[in-house]
Amino acid sequence: MAVKTRESRTRDRISIGPRAGAHDIIRLNNFYRGADTAELLKAVLCEKIAGDVALVSSFGAESAVLLDLVAGVDPAAAIFFLDTGKHFPETLAYRDLLIERLGLTNLVTLHPDAGEIAARDDKGLRWSFDPDGCCDLRKVRPLEAALAPFDATISGRKAFQSSTRANLPMFELENATGRIKVNPLARWTVADIAAHMDARALPPHPLVAQGYPSIGCAPCTSKVQPGEDPRAGRWRGWDKTECGLHGEVKTMPPGPGEEPVF
Ligand code: SF4
């Protein structure tokens with residue numbers, strides 16, 4: 001399949017209506033096939049090709065790269081951070097450091113509803129016997145409420161992070177909400193991330209050097225051994241690989257004569 005050039009993308013433009021469908025996602029993935037990350041972010045943040053958009057960041061091991069790229073395009077972009085009440089203190093300090101260092105001006109920290117916490121997790125131990133319910137309470141529900149006015153979100157997921165993300169496309173459709181999810185770093189490699197961190201002298205999350213290549217809430221994050229998936233330390237011992245914010249990754253079905261869209 002032919003790939004558009006940057007010039008032809010600038011000339012032709014593309015935009016999607018308020019509630020996208022599967023066909024819109026195929027169009028977006030095909031239109032931006034081959035685009036570099038800065039061009040994609042400019043289209044999403046400045047030209048609003050997917051409508052109103054917010055970045056959801058965990059301020060984890062590799063979050064600095066996407067935050068830096070976003071800051072270079074639109075420092076006032078909405079950055080959502082879910083303060084579950086279970087983060088490592090190092091993550092909260094890292095969040096504050098990056099926000100200041102990168103000059104981001106629109107951090108929105110979300111909290112779980114206090115009444116729901118009292119009713120469903122008064123001892124704060126739900127993670128130990130019902131991690132899906134705990135993530136629903138502390139992550140999924142607060143984020144869904146905050147994202148109601150938005151048409152799209154930007155995530156920092158990468159294909160290399162785990163076998164379940166291997167086919168991560170640049171654009172996805174959240175079937176439950178009709179919202180578009182943009183994955184600008186989908187095809188970035190470990191080396192790409194490291195090179196950008198070096199080139200921009202971005203500070204690493206302090207727990208990376210202690211053996212945590214993927215960092216979520218403290219009770220559900222453990223160190224990773226050599227040879228394991230970077231996300232192997234998340235919910236170790238549970239049949240759970242995602243917090244519920246990200247559905248199962250589906251490769252877009254190819255059209256006649258097309259290769260799969262990633
Ligand atoms: S990652 Fe663990 S502690 Fe955090 S919300 Fe999910 S189950 Fe709860």
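At what angle do helix α3 and helix α4 pack, and how far apart are their axes? The views below are taken from a predicted model.

**View 1. Packing of helix α3 (residues 37-45) against helix α4 (residues 63-73).** The two helices meet at an angle of about 60°, and their axes are 10 Å apart. An angle that is neither under 35 degrees, over 145 nor within 65 to 115 counts as oblique, and α3 and α4 are therefore oblique to each other. The crossing of α3 past α4 is right-handed. On the α3 side, the contact is formed by Thr37, Ala38, Leu41, Lys42 and Leu45; α4 contributes Leu69, Val70 and Val73. Sorted by class, this contact of α3 with α4 has six nonpolar residues, one polar and one charged.

**View 2. The β2-α5-β3 unit.** Strand β2 (residues 79-82) and strand β3 (residues 107-110) run parallel and are joined by four bridges. Ile79 has Leu107 of β3 as its bridge partner. With helix α5 (residues 89-102), the two strands make a right-handed β-α-β unit.

**View 3. The six-stranded open sheet.** Its strands follow the order β3-β2-β1-β4-β6-β5, and the pairing is mixed. β3 and β5 (171-173) are the edge strands, each pairing on one side only. From one strand to the next, the twist averages 30°.

**View 4. The β5 edge and helix α8 on the sheet.** β5 pairs with strand β6 (residues 180-182) in the antiparallel sense, over three bridges. Leu173 stands opposite Ile180 of β6. Helix α8 (residues 131-147) packs on the sheet and touches β1 (53-56), β2, β3 and β4 (152-154). The direction of α8 makes about 155° with that of β2.

Terms used:
Residues are numbered from 1 along each chain as its sequence is written. This is a predicted model: local features need pLDDT of at least 70, side-chain atom pairs count only at pLDDT 80 or more; totals for chains, interfaces and linings use all residues. Axes are lines fitted to C-alpha atoms, for helices over the stretch in contact, and angles run from 0 to 180 degrees between N-to-C directions. A crossing is left-handed if the near helix is turned anticlockwise from the far one by less than a right angle, and right-handed if clockwise. Two residues are in contact if their C-beta atoms, placed from the backbone, lie within 7 Å. Ala, Val, Leu, Ile, Met, Phe, Trp, Tyr, Cys and Pro count as nonpolar, Asp, Glu, Lys and Arg as charged, and the others, Gly among them, as polar. Two strands pair if DSSP finds at least two bridges between them. A crossover is right-handed if, with the strands pointing away from the viewer, the path from the first strand over the helix to the second runs clockwise.
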